[in-house]
Amino acid sequence: MSVTRKLDQAGGETSALNNSSEGAAVPKRLLSKRELSAVLNVSERTLDNWLAQKKIPRLRLSNRLTRFNLSRVEAALARYEIKEAGARR
């Protein structure tokens with residue numbers, strides 16, 4: 001499922017893709033907290049907790065404006081993924 005589809009289901013936001021001058025769709029690089037929570041299927045409060053625990057990176061443009069790079073956030077969260085213990089090989 002693409003980022004656009006998840007955002008459409010979460011809040012009707014369709015700004016996940018920007019159109020270039022050639023008409024080809026270019027994925028949006030920076031997401032707001034609301035958009036990121038919709039993509040990751042977590043609450044905004046969970047994102048606040050992860051930020052306080054410094055689990056996810058953010059781009060702080062001003063005191064009130066924060067944006068997230070989806071690929072960097074997913075890479076950071078992958079470090080906290082629990083691998084199955086005692087799996088047979």
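Tutor: Lysine 54 sits in the loop between α3 and β4. The model in which we see this is a predicted one.

Student: Why is lysine 54 called exposed?

Tutor: Its relative accessible area is 68%. A residue counts as exposed when that value is over 50%, so lysine 54, at 68%, is exposed. Its phi is near 60°, a positive value in a residue other than glycine.

Student: Where is asparagine 41 found?

Tutor: Asparagine 41 lies in the loop between α2 and α3, just after α2. The phi of asparagine 41 is also positive, near 60°, and the residue is not a glycine.

Student: How do you know that asparagine 41 counts as exposed?

Tutor: Its relative accessibility is 70%. The cut-off for exposed is over 50%, so asparagine 41 is placed in that class.

Student: What makes serine 37 buried?

Tutor: Serine 37 has a relative accessible area of 8%. Buried means under 20%, and 8% satisfies that, so serine 37 is called buried.

Student: Which residues does serine 37 touch, not counting residues up to four places away in sequence?

Tutor: Serine 37 touches Val42, Ser43, Glu44 and Leu47. Serine 37 itself belongs to helix α2.

Student: Which residues of α2 are buried?

Tutor: They are Glu35, Leu36, Ser37, Ala38 and Val39. In the whole protein chain of 89 residues, buried residues make up 21%.

Student: At what angle do helix α2 and helix α3 pack?

Tutor: Helix α2 (residues 33–40) and helix α3 (residues 44–52) pack at about 105°, and their axes are 9 Å apart.

Student: Why is α2 described as roughly perpendicular to α3?

Tutor: Roughly perpendicular covers angles from 65 to 115 degrees. The angle of about 105° falls in that range, so α2 is roughly perpendicular to α3. On the α2 side the contact is made by Lys33, Arg34, Leu36, Ser37 and Leu40, and on the α3 side by Glu44, Leu47, Asp48 and Trp50. By type, the residues of this contact are 4 nonpolar, 1 polar and 4 charged.

Student: How do α2 and helix α4 cross?

Tutor: The axes of α2 and α4 (residues 70–78) come within 12 Å, and they cross at roughly 50°.

Student: What makes α2 oblique to α4?

Tutor: Roughly parallel needs an angle under 35 degrees, roughly perpendicular needs 65 to 115, and roughly antiparallel needs one over 145. An angle of roughly 50° fits none of these, so α2 is oblique to α4. The crossing of α2 past α4 is right-handed. In this contact, Leu36, Val39 and Leu40 of α2 meet Leu70, Val73, Glu74 and Leu77 of α4. The contact residues divide into 6 nonpolar, no polar and 1 charged.

Student: What is the order of the strands in the open sheet?

Tutor: The open sheet has 3 strands in the order β3-β5-β4, and the pairing is antiparallel.

Student: Why do β3 and β4 stand at the edges?

Tutor: Each of them has a single partner strand, so one side of each lacks a neighbour in the sheet. Helix α4 packs on this sheet and touches β3 and β5, its direction making about 70° with that of β5.

Student: How do you know that strand β3 and β5 pair?

Tutor: Pairing requires at least two bridges between the strands. Strand β3 (residues 30–31) and β5 have 2 bridges in the antiparallel sense, so they meet the requirement. Leucine 30 is opposite asparagine 69 in β5.

Student: How many bridges join strand β4 to β5?

Tutor: Strand β4 (residues 59–60) is joined to β5 by 2 bridges, and the two strands run antiparallel. Arginine 60 has threonine 66 of β5 as its bridge partner. The link from β4 to β5 is a hairpin of 5 residues.

Student: Which side chains along strand β5 are buried?

Tutor: In β5 (residues 66–69), Thr66 and Phe68 point to one face and are buried, whereas Arg67 and Asn69 point to the other and are not. In a regular strand, side chains alternate between the two faces of the sheet.

Student: How many helices and strands does the protein chain have?

Tutor: The chain has 4 helices and 5 strands. From the N terminus on, the elements run α-β-β-β-α-α-β-β-α.

Note on methods
Residues are numbered from 1 along each chain as its sequence is written. This is a predicted model: local features need pLDDT of at least 70, side-chain atom pairs count only at pLDDT 80 or more; totals for chains, interfaces and linings use all residues. Side-chain values use heavy atoms; hydrogens and water are left out. Buried means under 20% relative accessible area, exposed over 50%, partly exposed in between (1.4 Å probe, protein chains only). Axes are lines fitted to C-alpha atoms, for helices over the stretch in contact, and angles run from 0 to 180 degrees between N-to-C directions. Contact means heavy atoms within 4.5 Å. Ala, Val, Leu, Ile, Met, Phe, Trp, Tyr, Cys and Pro count as nonpolar, Asp, Glu, Lys and Arg as charged, and the others, Gly among them, as polar. A crossing is left-handed if the near helix is turned anticlockwise from the far one by less than a right angle, and right-handed if clockwise.
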